[in-house]
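Thank you all for making the time this morning. Please have a look at the sequence and the structure before I start talking through them.

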Amino acid sequence: MDMKSPNPPTYYDIIEEIIMAHRIREIIKTAVANMPLTQPLPAPAKQKGDTKMDYKLIIFDVDGTLTETKSGAQFRQEADDWQWLPNRLTRLRQLKQQGIRLAIATNQGGVAFGYMEMADVLYELDIMCKECGVSPGGLYICYNHPKATIPIYKHDDDRRKPRPGMLRDAMKDFDADPDETLMVGDRPEDFEAAKNAGCAFSWATDFFGDF
Ligand SMILES: [Mg+2]
């Protein structure tokens, strides 16, 4: 068995160790300098829409936003072919109690093609408004359609979404600026109408917390 102690380090061994230690220190210093900041980032600025309370006026689409068809068809087969979607009545009544002005803006082009009568549609929408707390003055309907088969409704109407006419009428009637107004809808034309009117937009599924 070899009882001899290991050779003592030479001068060059010691120099090498010092150089190595220096390199390690430099590596650690660089790594620390490049570490991301641990402080939390500032909270993003509060957006309107974080809370529905921020708006003076909220304008709702109807079909697919507040109601669905009873028949299961995509579009109403008759004027009374509708039922409330879950949570809508409660939510709208809460918003009204909070003092937010509520309006409805709905395209009812089915009338322009003879699928439904204007009087029947108006009757059903009037029932909806009474149930959910929208005042009669807060109901905006566009029956016109540029390709209507019934001549009196054949009109390229500025009120028909995605155009902004109905939203502008509502903002004027309720004395609300675009930045005080939110449109809630379920289709691209609702989104476009809000954009064209300069107001905020929320998808119905987000607004009512559907999942
Ligand atoms: Mg809709």
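When I speak of a helix here, I mean a DSSP run of H or I of at least four residues, numbered from the N terminus. With that in place, Gly198 comes just after helix 5 and takes a positive phi of about 80 degrees. I should say at once that this is a predicted model, and please keep that in mind throughout.

Let me begin with the sheet. It is an open sheet of five strands in the order 5-4-1-6-7, and the pairing is parallel. Strand 5 and strand 7 are its edge strands, each of them pairing on one side only, and from one strand to the next the twist averages 20 degrees. To take one pair in more detail, strand 1, residues 57–60, is joined to strand 4 by four bridges in the parallel sense, and Ile58 has Leu102 in strand 4 as its bridge partner.

Now to helix 5, which covers residues 188–197. This helix lies across strand 6 and strand 7, and runs at about 165 degrees to strand 6. Which residues of helix 5 are buried? They are Asp190, Ala193, Ala194 and Ala197. Seen down the helix axis, these buried residues fall within an arc of 100 degrees, so they line one face of helix 5. What covers them includes helix 4, strand 6 and strand 7, the last being residues 200–203.

That brings me to the nonpolar core. In soluble globular proteins, nonpolar side chains tend to be buried together. In this model the largest nonpolar core has 40 residues, and Ile59, Leu167 and Met183 are those with the most contacts inside it. The elements that give two or more residues to this core are strand 1, strand 4, helix 3, helix 4, strand 6, helix 5 and strand 7, and the largest share, five residues, comes from helix 3. Met183 deserves a closer look: leaving aside its neighbours within four places in sequence, Met183 is in contact with Ile59 and Leu167, with Asp190, Ala193 and Ala194, and also with Cys199 and Phe201. Three of the names in that list, Asp190, Ala193 and Ala194, are ones I gave a moment ago as buried in helix 5.

Helix 3 also has a residue of another kind. Ala119 lies in helix 3, and with 10 C-beta neighbours inside 10 Å it counts as exposed, the limit for that being 12 or fewer. The C-alpha atoms of Ala119 and Ala79 are separated by 9.2 Å, although these residues are 40 apart along the chain.

Finally, some backbone details in the loops. Asn87 is not a glycine, yet its phi is positive, about 75 degrees; Asn87 sits in the loop between strand 3 and helix 2. Is Asn87 buried or exposed? Asn87 is exposed, because 12 other C-beta atoms lie within 10 Å. Asp175, again not a glycine, has a positive phi of about 55 degrees, and its place is the loop between helix 4 and strand 6. Asp175 has 10 C-beta neighbours inside 10 Å and therefore counts as exposed. Lastly, the peptide bond from Lys161 to Pro162 is cis, with omega near 20 degrees, and Pro162 lies in the loop between strand 5 and helix 4.

Technical notes
Residues numbered from 1 in each chain as written. Predicted model: local features only at pLDDT ≥ 70, side-chain atom pairs only at ≥ 80, totals over all residues. Buried ≥ 20, exposed ≤ 12 C-beta atoms within 10 Å, placed from the backbone. Arc of directions from axis to C-beta. Contact = placed C-beta atoms within 7 Å. Core = buried A, V, L, I, M, F, W, Y, C linked by C-beta atoms within 7 Å. Pairing = 2+ DSSP bridges. Axes fitted to C-alpha atoms, helices over the stretch in contact; angles between N-to-C directions.
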